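The following exercises concern one protein model. Please study the sequence and the structure before working through the solutions.

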Amino acid sequence: MKQFGPVGFIGLGIMGSRMAANLRSAGFELVVWNRTAETARSWASEHGADVADSPAAVARRCDRLITMVVDGEQVESILLAQDVAEALAAQDDSLAIDMSTIGPAAARRVAAGLRERDVAFVDAPVTGSSPKAEDGTLTIMVGGDRRDFERAAPLFEAMGELIVHAGRVGDGQAVKVINNAVAASNTAVVGEALLLGKRLGLDLGALVRVMKAGSGGSAMLELKERPMREHDYTTLFKLAHMLKDVRLCLEEAEAVGIDMTFADQTAAILAQAKASGHGDEDFAALLAALEERAGTTLA
């Protein structure tokens with residue numbers, strides 16, 4: 001396998017900053033860029049990395065380039081920009097790795113655009129929120145050619161615990177948005193259960209203990225019941241981003257004629273909470289919409 005030179009990393013937000021830190025801890029040399037330049041300078045000063053003044057400047061120095069940004073529009077505007085694509089094409093055996101959540105259609109557009117310049121691409125969205133990003137235990141689902149997956153594997157191993165080759169380009173994105181639709185719907189059900197328990201006058205601690213021990217247990221119950229009960233919406237994964245992901249899942253479902261009733265209802269709940277000003281908070285804040293509908297609050 002080709003030895004690694006500097007690795008490019010674009011996007012140092014809640015997730016990207018932690019993922020890039022794990023790459024540095026694993027010994028990879030990084031060249032970084034962030035839309036807010038001061039964020040990149042501060043991160044590079046703390047972790048030891050070079051800061052580029054543009055995405056193209058990153059691409060000129062790195063034959064493996066990771067993007068971790070907000071949505072498909074941003075990924076396309078970065079990777080398909082003429083100066084970036086040409087810089088990658090000038091590198092020997094270059095590989096673009098997008099770890100954002102952008103949906104299958106956008107991933108395939110990016111792959112097609114880069115393929116025209118003989119630049120390889122894999123989509124590699126992650127799940128696990130910021131705590132797992134920080135301790136390097138993310139789940140990473142990868143779509144793309146097996147050879148390209150293997151070329152990127154050492155990078156993934158520095159950032160994740162479970163790394164799955166999901167299939168073709170776009171398949172990693174499909175797995176991710178389905179997973180997030182399930183997670184969001186589960187969170188909404190947990191919120192409804194807590195509100196019902198509150199209206200019935202139950203000891204919510206007792207209700208939660210029983211659910212966690214029984215068939216009602218879930219990762220979302222474990223993670224979100226306390227923030228909901230305390231109205232502590234400290235951001236681990238933004239509500240606005242979860243709404244985007246559920247809508248991407250619904251777009252894929254519509255395209256193949258599948259009706260996802262629960263995901264559709266959850267998208268409406270998330271949209272209502274976002275409209276009430278909770279978009280930048282953790283998606284546990286979908287409880288605000290449920291409380292409004294129920295006329296009951298937990299905290």
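**Exercise 1.** Is aspartate 93 buried, partly exposed or exposed?

*Solution.* The model is predicted: local features need pLDDT of at least 70, side-chain atom pairs count only at pLDDT 80 or more, and totals for chains, interfaces and linings use all residues. Residues are numbered from 1 along each chain as its sequence is written, and side-chain values use heavy atoms, with hydrogens and water left out.

Step 1. Apply the classes: buried means under 20% relative accessible area, exposed over 50%, and partly exposed in between, with a 1.4 Å probe and protein chains only.

Step 2. The relative accessible area of aspartate 93 is 30%, so this residue is partly exposed.

Step 3. Place the residue: aspartate 93 lies in the loop between H5 and E5. Helices (H or I, at least four residues) and strands (E, at least two) are DSSP runs, numbered from the N terminus.

**Exercise 2.** Describe the backbone of aspartate 93 and of aspartate 118, and state where the latter lies.

*Solution.* Step 1. As background, most residues other than glycine have a negative phi.

Step 2. Aspartate 93, although not a glycine, has a positive phi of about 60°. Aspartate 118 likewise has a positive phi, near 60°.

Step 3. Aspartate 118 belongs to the loop between helix H6 (104-115) and strand E6 (120-123). With a relative accessible area of 71%, aspartate 118 is exposed.

**Exercise 3.** Which residue forms a salt bridge with aspartate 93, and what parts does the pair tie together?

*Solution.* Step 1. Use the criterion: a salt bridge is a side-chain nitrogen of Lys or Arg within 4 Å of a carboxyl oxygen of Asp or Glu. A search of the whole structure with this criterion gives 19 salt bridges.

Step 2. The partner is arginine 147, with the closest N and O atoms 2.8 Å apart. Arginine 147 lies in helix H8 and aspartate 93 in the loop between helix H5 (82-90) and strand E5 (95-98), so the pair ties together parts that are 54 residues apart in sequence.

Step 3. Examine the surroundings of the pair. Arginine 147 is partly exposed, at a relative accessible area of 45%. A salt bridge also joins the side chains of arginine 147 and aspartate 148 (3.8 Å, N to O). Aspartate 148 lies in helix H8 and is buried, with a relative accessible area of 9%.

**Exercise 4.** Analyse the salt bridge between aspartate 282 and lysine 224.

*Solution.* Step 1. The two side chains meet at 2.8 Å, N to O. The pair links distant parts of the chain, 58 residues apart: aspartate 282 is in the loop between helix H13 (261-278) and helix H14 (287-294), and lysine 224 is in helix H11 (residues 219-230).

Step 2. Aspartate 282 counts as buried at 3% relative accessibility, and lysine 224 counts as buried at 3% relative accessibility.

Step 3. Return to the salt bridges of Exercise 3: those that share partners join Asp93, Arg147, Asp148 and Arg151 into one network.

**Exercise 5.** To which strands is E8 joined, and how do they run?

*Solution.* Step 1. Two strands pair if DSSP finds at least two bridges between them.

Step 2. Strand E7 (residues 126-127) and E8 are joined by 2 bridges and run antiparallel; within this pairing, threonine 127 stands opposite threonine 139 in E8.

Step 3. E8 and strand E9 (residues 160-167) are joined by 6 bridges and run parallel, and valine 142 stands opposite histidine 165 in E9. From E8 the chain crosses through helix H8 (residues 146-159) to E9 in a right-handed β-α-β crossover; right-handed means that, with the strands pointing away from the viewer, the path from the first strand over the helix to the second runs clockwise.

Step 4. Assess the cover of strand E8 (residues 138-143): 5 of its 6 residues are buried.

**Exercise 6.** Characterise the protein as a whole.

*Solution.* Step 1. The protein has 14 helices and 9 strands. Its radius of gyration, taken over C-alpha atoms, is 20 Å, close to the 19 Å that the globule rule gives for 299 residues, so the protein is as compact as a globular protein of that length. The globule rule is 2.2 Å times the number of residues to the power 0.38.

Step 2. The C-alpha trace spans about 65 × 45 × 35 Å along its principal axes.

Step 3. Of the 299 residues, 52% are buried.
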